[in-house]
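Good morning, colleagues. I shall take a few minutes to go through the structure on the screen, beginning with a helix and ending with an interface.

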Amino acid sequence: MNNNKPGRIRCAAALYSVLMALFALMLASPFAPQARAGGTEPAAKVVNPGAELWREVRQREAPQAGATQVAGMDSGVLINVRGEQWRQFRMEQLIPATGALMAGVLGIILLFHLVKRGVRLEHGRSGNYLLRFKEIDRILHWYVATVFIFLALTGLILLTGRVVLIPVFGHEVFSVIASASKEGHNLFGPLFLLGLIGLLIRFVSKNFPAKGDLGWFLKAGGFVGGKHPSAGFFNAGEKMWFWLVIFVGLTLSATGLILEFPFFGQDRPMMELSLVLHGVGAVLLIAGLFGHIYVGTAGMEASLESMTSGYVDVNWARQHHDQWAEACEAEGAVIAGEDLKKKQQLRGTKNRVPNRPATEEGQ
Amino acid sequence: MITAFIEGPLWYFALLVFLIGVAWRMFAIVRSGSKPDFSVPRRSVAVSAVMTSLRRFVPRHEMSPRIRLHVVAGYMFHLGLFALLLFAAPHVLFLQENLLGFGWTPMPYWAFILVSQIAFAGLLILWLHRLLNPVTRLISDADDHVAAVLTFVVMLTGCLALMEAFTGLRVLHRFTVELLMIYFPFSRLMHAFTFIPSRAYTGALFGRRGVDA
């Protein structure tokens, strides 16, 4: 054993030398992990293949399409930074603006109602009536209203749900609600377009600009100057709402169809533009709807009856649509409350005349 | 647990109520009978029954202008609902796996969407007509409105679950279907089974007397 001891020491020394040499080589190699602080020579640039690949597909400069066998618009683009731009726009601008607009409009309506308590009938009810909307018009109105409210609710869930609903319900429940909302929204969208076309056909002839509309706007529908401005079948405010519904509604429908059927060659910028227009237009229309609902219900006494029974009190017509009321009275279209009551009883309705004044029978 | 209850005991209960209820209602109608008529038949009773059953699919000429919307919406809804019920892919699969043991070719996806939109539009128009027309409003009661709303909810939950990605949505649809099945025999929804016998009976009765019905 003693004879082998120097040999073993030599072997260990040789092995140690080889290991040290390898360690020195590693330190000198470009793959050395540590930086050389205060080193005399600059470190060689380390290229991370993963980072390079990520930079390539992220395409910070401009969209670049790679080669792929998948057919479809932009199918060669792995990651498009514009998606991030849309996300930022939605989260940082559109959703806060939506909330501010909704809250603002609701606040103005509430303030107005608290101050003015709505518009009352100046001369009370006359007990005589005029037919304002036929049954087909009322069905059409409520059809569009029902479909739009459904679309508005599901659309708002899709637009603001991540901010509003996730903190309340959590991710799992929200994913279910969002999936249902998306299916429902896509399904009912085309039904809104059909209703919109129906509205256009039925009401366009009464909504062209006419003499007196400018005056109506200048007096803000009677809020400025005190006296109620003159108006025909529709006043200027109603006409503005009609054209807003038509134009914004058609824009919503067109952009909705572009988004729902993305296989007709729509490119990414068109889809993004459609998303922005769809979101902004919908928010505007929903805000307008708040005002429309208020004016049609609590904001104006006896207005809702025109869309439920179809008949309005003559005093209501004289106050808000004096030109139309005069024309109807000249034609002898006024129906006395008792006659309307009999007429509707003949048709099988006892309680159709809204808020009839007390009669001898009634007393 | 709720899912298991809806897909298990409640499903069998609903099916039982539906089948027994419908059978009981139909049996009650048949058993009520009619007064014996000893007069000589003016026309063939069978032919009159068949002819009236078919003729009632088209409104009488005199009535057409007044009920055009009602008829169009009625066909939109009923044909749409019939197509959805029997030819929607998930329904065909469900019937095959759970009830019948065989299936048939379902509608393609695009047809499902189109048909459901037609059915929804029809149902909505019919319901609004019921509410806004003075006559239909007067002859309607809570049963009609409950049936309309329940049918709408069943169709809606079915369409919301279209992606078939979430068990919760499917179970919700199934729950509403079970509610409808339990409600069905006790409501005017029974007209789905009685409309042909009713037409046939009227046709036979009037045919025997030699009167057009």
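Before the first helix, one definition is needed: two residues are in contact if their C-beta atoms, placed from the backbone, lie within 7 Å. Please bear in mind throughout that this is a predicted model.

I begin with chain B, and with its helix 4, which covers residues 64-87. Which residues of this helix are buried? They are Ala73(B), Met76(B), Phe77(B), Gly80(B), Leu81(B) and Leu84(B). Their packing partner is helix 6 of chain B, residues 109-132. Helix 4 of chain B also has a kink of about 30°, and its centre is at His70(B).

I turn now to chain A. Its secondary structure consists of twelve helices and three strands. The chain has 363 residues, of which 21% are buried. As for its contacts, if we take those between residues at least 6 apart in sequence, 66% join residues at least 24 apart.

Finally, the contact between the chains. How many residues does each chain contribute? Chain A gives 21 residues and chain B gives 24 residues. On the side of chain A that touches chain B, two or more residues come from each of helix 4 (135-164) and helix 5 (166-203) of chain A. Helix 5 of chain A supplies the largest share of that side, with nine residues. Sorted by class, this side of chain A comprises ten nonpolar, six polar and five charged residues.

That concludes the presentation, and I welcome your questions.

Terms used. Residues numbered from 1 in each chain as written. Chains lettered and ligands numbered in written order. Predicted model: local features only at pLDDT ≥ 70, side-chain atom pairs only at ≥ 80, totals over all residues. Helix = DSSP H or I, 4+ residues; strand = E, 2+ residues; numbered from the N terminus. Nonpolar A, V, L, I, M, F, W, Y, C, P; charged D, E, K, R; others polar. Buried ≥ 20, exposed ≤ 12 C-beta atoms within 10 Å, placed from the backbone. Bend = angle between axes of the 7 residues up to and from the residue.
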